[in-house]
Amino acid sequence: MSYDLVVIGTGPGGYVCAIRAAQLGLKTAVVEKRATHGGTCLNVGCIPSKALLHASELFADARDHFGHLGIGVGTPTLDLAQMMRFKDEGVAGNVKGVEFLLKKNKVDAFRGTARLAGANSVEVRAEDGTTQMLETKAVVVATGSTVAPLRGVELDGEVVVSSDEAIALPVLPKKLVVVGAGVIGLELGSVWRRLGSEVTVVEYLDRILPGLDSEVAKQFQRILGKQGFVFKLSTKVTKVERTGAGATVTIEPAQGEGAAETLEADVVLVATGRIPYSEGLGLAELGIALDPKGRIIVDPHFSTNVAGVYAIGDVIAGPMLAHKAEDEGVAIAEILAGKAGHVNYDVIPSVVYTNPEVAAVGRSEEELKEAGVAYSVGKFPFTANGRAKANATTDGFVKILADATTDRVLGVHIVGARAGDLIAEAAMAMEFGASSEDIARTCHAHPTLAEAVKEAAMAVEKRAIHM
C-alpha cells in the first residue's frame, strides 16, 4: 500500500497532522497501537483529568460556597463511581470524534505497532502478530511521551501509581502523597484534595511549577496552602515501601543534610515528568539521531537526519504540550505539501487547570533578567476587578512584561479564575507584535475578568484606573 504520508501515532500532533495533510491533497495513513485514537492526551491525560477537575470543582463549590451564594443543597455526597463514568463519557466522546474526523478526511487508519523498516517503509504489526508494509514518500513520527520513572521507586498501578492510574482510582484515598510539584502533580492533587484527600506534595526543588514565573508560583503555592495542600520542598524521596493496603514514603532534604522523615500514604502518585516514547520504532537501526534526553533531533522543518523521516510533538525538543504538537502537525503537513509551515515557539501558552488556574505565555522575569533584557512590569490584582469581586473569585493577578524601550509585550502571566481562557488574548497580542499600550487601548467589555488584562497593560505605564 503506497502513501504520500504515514503518520505514526494519533495523539493531538499525529491526528491533526494527518487531517491537515489530507486537506492539502496528500494520500495519508495513520498507525495507532491503542484501541482508540487520541493518544495519551485524550485517553489518559488532558481530557480525563479536565473532566475530573471540573467535577471535583463543582463538588467543592457545592460543599464550601453554595451556601454563601444563597443556594441550599445540604452536604453533597461523593459518588466516585459515577464521577468516573462522567469522565469516561467525555473521553469516549472525544476519541470517537477523532475517529470520525479521520474518516471524514479519508485518512486510512491502521491498528498496530509501527516500525520504520526504511526511510520510506513502515511495518505495522497487529495484535494478532500479522504484519503489513506501508510504502510512503514521507513518515512523521508523532509517538508522544510516557511517564518518567523515579529512580528506586517501582510503580505497581494500585498504591504507587502514575497519572494513568491516578485518574481512575476506585476509592478516595485518605492520604495522598504526590511526588513532583509540576503541572500533572498539582492538577491531580487538586482533584483528590477537593474530594477529601489529605494531599502532601514532595518536590526536589525549592519551589513549585519549575520554569514558571517565580512570583506567580509563590502566590499560587500560598493559595494551594489555604486549600489544604502540604508542601515538602527541597526534599527528595529515597524510598517507597508497600505496607499492606498503603505505603510508607521516606523523604530527606534534597541536599542530604538533615534527618530522614516518613510519610504514610494510601496512594503515592509519582508525577516527576514525562519522557519521549520511541520504543520499538527502529530508530537506531535506521540511524536516526537522538539527543541526550532521548528526543529525536530535527531541523527547523522537522526533518530528522534521515531523508523522508520527520518528527513532531513530545518526541522532539520543546514543551510537552498538546497544542504545541498540534501546531507542529499542521506545520509539517503544510511543508510536505509545498507550503510555508511555521511554529512560533516564543508564543506557546501553558496552563495549569487547577482552581484558580495558572497560565503563561512568553518569557518570565527570570528569563528576561538572565538574557539581560530591560523590561517594564504591569500588574493588576483580581481583588480590584469588578467581575471577580461579584463572583467571589478574587485570588490571583495578571502580570505583563514589556520591553522597556519598544513596549512590545514579552510575557504575560496570570493566576486567577479562567486564566487559561484569558491567556489567549495575550498570545494573540504577542503573535501580532503588540505593545502593552495596544492592549491598554483596546476596549474590553465590562464587567469581565478580561478587564484585569487591560488594567495590567495600563499598569505598565503606571496608569491603571481601578488600583
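Visitor: Where in the chain is the place of L69?

Guide: Happy to start there, keeping in mind that this is a predicted model. Two helices frame the answer: α3 covers 46-64 and α4 covers 80-104. L69 sits in the loop between α3 and α4.

Visitor: Is L69 buried or exposed?

Guide: Exposed means over 50% relative accessible area. L69 passes that cut-off, so L69 counts as exposed, at 54%.

Visitor: Which residues make the nonpolar surface patch of about 270 Å²?

Guide: L69 is one of its members. The patch is made by L69 together with I71 and V73.

Visitor: Let's go inside. Which residues touch the most other members of the largest nonpolar core, and which helix gives the most to this core?

Guide: That core has 53 residues, and L116 and V122 touch the most other members. As for helices, seven residues come from one of them, spanning residues 12-23. The helix that gives the most is α1.

Visitor: What is V122 in contact with, leaving aside its neighbours within four places in sequence?

Guide: Among the contacts of V122 are V6, I8 and V31, as well as A114, R115, L116 and A117. The list is completed by Q132, M133, L134 and V139.

Visitor: How many residues are in the second, separate core?

Guide: This second core includes V199, L209, I223 and F229. Its count is 40 residues.

Visitor: How do the rings of Y3 and F110 pair, stacked or edge-to-face?

Guide: Y3 lies in strand β1 and F110 in strand β3, 107 residues apart, so the pair links distant parts of the chain. Both residues are buried. Their ring centres are 6.2 Å apart, and planes over 60 degrees apart count as edge-to-face. At 85°, the pair is therefore edge-to-face.

Visitor: And the rings of F229 and F231, stacked or edge-to-face?

Guide: F229 is buried at 5% relative accessibility, and F231 is buried too, at 16%. Their ring centres are 5.8 Å apart. With the planes at 15°, the pair is stacked.

Visitor: How many of the ten residues of helix α14 are buried, and what do they pack against?

Guide: Helix α14 spans residues 451-460 and has nine buried residues, so it is largely enclosed by the rest of the structure. Among the nine are E451, E455 and M458. The buried residues pack against strands β20, β21 and β22, and helices α12 and α13.

Visitor: Which residue just after α14 takes a positive phi?

Guide: The phi value is about 55°. The residue is K462.

Definitions and conventions: Residues are numbered from 1 along each chain as its sequence is written. This is a predicted model: local features need pLDDT of at least 70, side-chain atom pairs count only at pLDDT 80 or more; totals for chains, interfaces and linings use all residues. Side-chain values use heavy atoms; hydrogens and water are left out. A nonpolar core is a set of buried Ala, Val, Leu, Ile, Met, Phe, Trp, Tyr and Cys residues joined through side-chain atoms within 4.5 Å. Buried means under 20% relative accessible area, exposed over 50%, partly exposed in between (1.4 Å probe, protein chains only). Helices (H or I, at least four residues) and strands (E, at least two) are DSSP runs, numbered from the N terminus. Contact means heavy atoms within 4.5 Å. Patches are made of residues with over 30% relative accessible area and no salt bridge: like charges are joined within 9 Å, nonpolar side chains (Val, Leu, Ile, Met, Phe, Trp, Tyr) within 5 Å. Accessible areas come from the Shrake-Rupley method with a 1.4 Å probe; for residues, only the protein chains shown count as cover. A salt bridge is a side-chain nitrogen of Lys or Arg within 4 Å of a carboxyl oxygen of Asp or Glu. Rings of Phe, Tyr and Trp (its six-membered ring) pair if their centres lie within 6.5 Å; planes under 30 degrees apart count as stacked, over 60 as edge-to-face and the rest as tilted.
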